[in-house]
Amino acid sequence: MQEEAKTYAKNISGVKIIMNSLHLGKSKFNLTEIVHDLKTPITSIMGFAELLKKGNQSEESKQEFYSIIFSESQRLLSLVNDILDISEKNFLAVPQKCNINIQINKYAKVLKPLADSKNIEIIIQSENNDIYVSIPENKMSRILTNIIENAIKYNRESGKVYIDLLERNGKVFIKIKDTGIGIAENELGKIFEKHYRSETSKTLKIEGSGLGLSIAKDITEEYGGTIEVSSKIGESTEFIISFPVANITK
Ligand SMILES: Nc1ncnc2c1ncn2[C@@H]1O[C@H](COP(=O)(O)OP(=O)(O)OP(=O)(O)O)[C@@H](O)[C@H]1O
Ligand SMILES: [Mg+2]
C-alpha cells in the first residue's frame with residue numbers, strides 16, 4: 001500500500017502541473033495546498049477499497065468501509081470545488097459547525113490503515129462527546145488529518161498516538177501526542193513555515209513536502225483557533241489545537 005500511495009502522490013504532482021498551466025492558481029484558494037490535501041482521501045479510498053477486495057471482513061466492517069469510502073469521496077468533491085473556485089457558500093450550504101468528537105473518531109478511523117502499517121495504536125479520550133466548534137467539517141478534516149498523519153509518520157514502529165479532547169472555560173482543546181522522533185527546541189518555531197522540514201526527518205529520509213502544518217495553522221487561525229507544539233527530541237511531540245466552543249449544542 002505504501003508503494004501505491006507513493007505512485008498516487010506522484011500522479012497528484014502531475015495534476016498540480018496541469019492545473020497551474022490552466023492558470024487556475026489565481027483563485028483565492030491556494031492550489032498547491034488543496035492538491036496537497038487531496039492525497040489523504042485518495043490514499044484512504046484506495047486503502048479501504050483494497051481491504052474490501054480481499055473480501056474476508058465481517059458484514060459490519062464492510063459497511064463501515066463503504067461509508068468511509070463514501071464520505072472520503074465527498075471530501076474529495078469538496079476539495080475539487082475549492083479548486084474550481086466555486087464559492088461554497090453559493091454552491092452548497094456547508095454547515096459552519098462541527099462536532100469535534102465525531103470528527104476525531106472519523107479521521108482516526110480513516111488513518112488506521114496507515115497506523116497499522118507501523119503497528120501504531122491510536123488512543124482517543126474525550127471528556128465530553130457533545131462539543132461543537134464553528135468551523136465547517138471539511139476544514140476541520142484538513143487540520144486533523146495533517147496533524148494525525150504526522151503523529152503516525154514521525155512515530156516509531158509500534159508507537160502510540162494519544163488524542164485527548166477537553167473543554168475548559170469556553171474553549172475546546174484537542175491534544176495530539178505521539179511517541180516519535182521529536183523536534184529539536186531550536187526548530188519548534190520553524191515547523192509551521194511553508195516547506196520547512198526538520199533536520200531529523202531529513203536525516204531519517206522520511207518523505208514530505210513541509211506543507212501540512214502550514215495548512216493546518218492557516219485554517220485553524222482563519223476560524224479563530226490556535227495551534228501550539230511542544231516536544232522532547234527522540235521521545236514525543238504534542239500538538240494542542242484550541243478553538244472557542246460554539247454556542248450551538250445540537
Ligand atoms: N509529530 C511530529 N513529530 C516530529 N516531527 C514532526 C511532527 N510533525 C511535524 N514534524 C516536523 O515538521 C515538519 C513539517 O511538517 P509538515 O506536516 O508541514 O510537513 P511534512 O510532514 O514534511 O510534509 P507534508 O506536506 O506531506 O505534510 C516535518 O517535516 C517534520 O520535520
Ligand atoms: Mg505532514
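Select ligand 1 together with the residues around it: in this predicted model, 23 residues surround the ligand, and the closest are Tyr154, Ser198, Gly208, Gly212 and Leu213. If you then colour the shell by secondary structure, the elements that give two or more residues to it are H7 and helix H9, residues 212–222. Recolouring by residue class divides the shell around ligand 1 into eight nonpolar, 13 polar and two charged residues.

From the ligand, move to helix H7 by selecting residues 137–153, and keep the strands in view, since the next part of the tour is the sheet. Helix H7 lies across S4, S5 and S7, and its direction makes an angle of about 25 degrees with S5.

Now hide the helix and show the sheet alone. What is the order of the strands in the sheet? Five strands form an open sheet, and they follow one another as S2-S4-S5-S7-S6, with mixed pairing. Strand S2 (121–126) and strand S6 (226–232) stand at the edges, and because each has a single partner strand, one side of each is left without a neighbour in the sheet. Looking across the strands, you will find a twist that averages 15 degrees from one strand to the next.

Begin the walk through the sheet at S2, which pairs with S4 in the parallel sense over six bridges; to fix the register, select Ile124, whose bridge partner in S4 is Ile163.

Continue to strand S4, residues 160–168, which runs antiparallel to S5 and is joined to it by eight bridges. Here the pair to label is Leu165 and its bridge partner in S5, Ile174. S4 and S5 form a hairpin with two residues between them, and in the turn you can select Asn169, which has a positive phi of about 45 degrees.

Stay on S5 and select residues 171–178 with side chains shown. Which residues of S5 make up its covered face, and which its uncovered one? The covered face consists of Val172, Ile174, Ile176 and Asp178, whereas Lys171, Phe173, Lys175 and Lys177 make up the uncovered face. Ile174, the bridge partner of Leu165, thus belongs to the covered face.

The next step across the sheet is strand S7, residues 236–244, which is antiparallel to S5 and joined to it by eight bridges. Phe173, on the uncovered face of S5, stands opposite Ser242 in S7. S7 also pairs with S6, again in the antiparallel sense, over seven bridges, and Val229 stands opposite Phe239 in S7. The hairpin of S6 and S7 has three residues between the strands, among which Gly234 takes a positive phi near 80 degrees.

Leave the sheet and select helix H2, residues 31–54. At 1.5 Å a residue, the 24 residues of this helix should span 34 Å, and its end C-alpha atoms are 35 Å apart, which agrees. The buried residues of H2 are Ile34, His36, Asp37, Leu38, Thr40, Pro41, Thr43, Ser44, Gly47 and Phe48. Just after the helix, select Gly55, which follows H2 and has a positive phi near 70 degrees.

Finally, zoom out to the whole protein, whose secondary structure comes to nine helices and seven strands. Of its 250 residues, 30% count as buried. Among the contacts with a separation of 6 or more, 71% are between residues 24 or more positions apart.

Definitions and conventions. Residues are numbered from 1 along each chain as its sequence is written. Chains are lettered from A and ligands numbered from 1 in the order in which they are written. A residue is buried if 20 or more other C-beta atoms lie within 10 Å of its own, exposed if 12 or fewer, and partly exposed in between; C-beta atoms are placed from the backbone. Helices (H or I, at least four residues) and strands (E, at least two) are DSSP runs, numbered from the N terminus. Two strands pair if DSSP finds at least two bridges between them. Axes are lines fitted to C-alpha atoms, for helices over the stretch in contact, and angles run from 0 to 180 degrees between N-to-C directions. Two residues are in contact if their C-beta atoms, placed from the backbone, lie within 7 Å. A residue is near a molecule or strand if its C-beta atom, placed from the backbone, lies within 6 Å of it. Ala, Val, Leu, Ile, Met, Phe, Trp, Tyr, Cys and Pro count as nonpolar, Asp, Glu, Lys and Arg as charged, and the others, Gly among them, as polar. The expected span of a helix is 1.5 Å times one less than its number of residues.
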